Amino acid sequence: MRAARLIKMVLLLQARPSMTGAELAQELEVSERTVTRDALALSEAGVPVYADRGRSGGYRLVGGYRTRLTGLARGEAEALFLSGLPNALREMGLEDAGSAARLKVSAALLPSLRGASDSAARRFHLDAPGWYQEPETPELLPTVAEAVWDDRAVLARYRRQDAEVERELAPYGLVLKAGVWYLCARVDTAFRVYRIDRFTEVTLTRERFERDESFDLPAFWEERAAQFARSILRTEVVLRLSPDGLRRLPYLTDRASAQEAAEAAGPPDEDGWTTLTLPVESADVAFAQLFGFGPDLEVLEPAELRARFADSADRTARLYR
């Protein structure tokens with residue numbers, strides 16, 4: 001436990017010019033007194049850790065000291081190689097860079113760990129697209145990826161319904177969702193999301209934009225994805241569900257909306273059935289999602305959807321008589 005903490009302390013000091021005792025304590029999840037003892041232990045072991053005294057003091061490595069990656073355990077090394085996404089790197093035009101990086105890391109590892117790359121690749125594989133979908137790499141993805149890596153502003157033409165619009169974008173980050181690539185970009189002062197397969201033209205400008213370091217790509221995407229999921233639920237249906245139907249509802253419709261609808265519903269009736277109001281994308285989508293519940297679900301409203309369920313149930317019953 002302590003050996004791993006000492007290695008982490010050295011790597012933290014390699015990555016930054018200097019760190020205070022409080023900063024190291026927070027990163028290592030120990031007390032500042034423990035940081036002092038660990039720094040002394042490293043110094044006695046020959047690692048040149050120097051402590052600056054005073055209010056603005058801190059810990060730093062002297063003499064350009066660097067350590068090789070000999071402190072990695074096999075599980076850590078395999079996790080490092082597992083973090084790469086070969087298919088995504090290839091689609092972004094970064095396959096050669098990723099391969100070179102893996103080779104350099106492999107060369108720095110102990111001989112006993114150099115099989116970690118093959119070990120991870122034989123055991124885990126990421127297949128991002130959903131079932132029954134043929135993934136297609138957007139032709140302009142490598143250009144967009146280059147702009148993202150280089151903080152380069154782009155002039156882009158984008159298909160929106162039946163028209164094309166032109167925008168100057170500051171491309172902040174790429175997201176691969178269910179086999180579809182998205183660009184999160186700043187337009188003027190607002191952040192927006194674009195499907196990359198709808199770009200018809202992307203031109204890198206000579207200008208580099210100043211990145212807002214407070215921008216959190218995972219948090220931004222999670223918020224926008226939740227907003228999008230709710231924005232498409234424009235219709236409401238009133239349902240009566242058996243206990244089994246209520247249990248299955250989150251698995252066959254939007255999970256968050258189903259759970260919220262169930263929590264807002266009143267107590268079950270004398271038959272044990274629950275009546276609730278569920279947001280859905282449209283009547284057609286609701287029919288496709290809910291008809292499979294069979295006798296465990298009754299549509300109460302709207303009347304048009306209830307009539308559609310009744311007609312389909314009658315025709316299905318006649319088919320199987």
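**Note on confidence, a helix pair and an internal cavity**

1. Within the protein chain, the confidence is lowest in helix α4 (residues 74-82), where the mean pLDDT is 58, and highest in strand β10 (residues 297-301), where it reaches 95. This is a predicted model, and these values should be read together with the chain average, a pLDDT of 84, with 85% of the residues scoring at least 70.

2. Towards the start of the numbering, helix α1 (residues 2-15) and helix α2 (residues 21-28) have axes that come within 11 Å of each other and cross at roughly 130°. Since angles over 145 degrees would count as roughly antiparallel and those from 65 to 115 as roughly perpendicular, α1 and α2 are therefore oblique to each other. The handedness of the crossing between α1 and α2 is right-handed.

3. On internal space, a search of the whole structure returns 1 cavity of 30 Å³ or more, and the volume of the largest cavity is about 30 Å³.

4. Which residues line the largest cavity? The lining consists of Val-144, Ala-147, Val-154, Ala-156, Leu-169, Pro-171, Leu-183, Phe-199 and Val-202. Two or more residues of this lining are contributed by each of α8 (141-150), β3 (152-160), β4 (163-177) and β7 (199-208).

5. As to the chemical class of that lining, the largest cavity is bordered by 9 nonpolar residues, with no polar and no charged residues among them.

Methods:
Residues numbered from 1 in each chain as written. Predicted model: local features only at pLDDT ≥ 70, side-chain atom pairs only at ≥ 80, totals over all residues. Heavy atoms only, no water. 1 Å grid on protein atoms, 1.4 Å probe; cavity = no way out; pocket = protein on both sides within 12 Å on 5 of 7 lines; lining within 4 Å. Points joined across faces, edges and corners; volume = space filled by probe spheres on them. Helix = DSSP H or I, 4+ residues; strand = E, 2+ residues; numbered from the N terminus. Nonpolar A, V, L, I, M, F, W, Y, C, P; charged D, E, K, R; others polar. pLDDT = per-residue confidence, 0-100. Axes fitted to C-alpha atoms, helices over the stretch in contact; angles between N-to-C directions. Parallel < 35°, antiparallel > 145°, perpendicular 65-115°, else oblique. Left-handed = near helix turned anticlockwise from the far one by under 90°.
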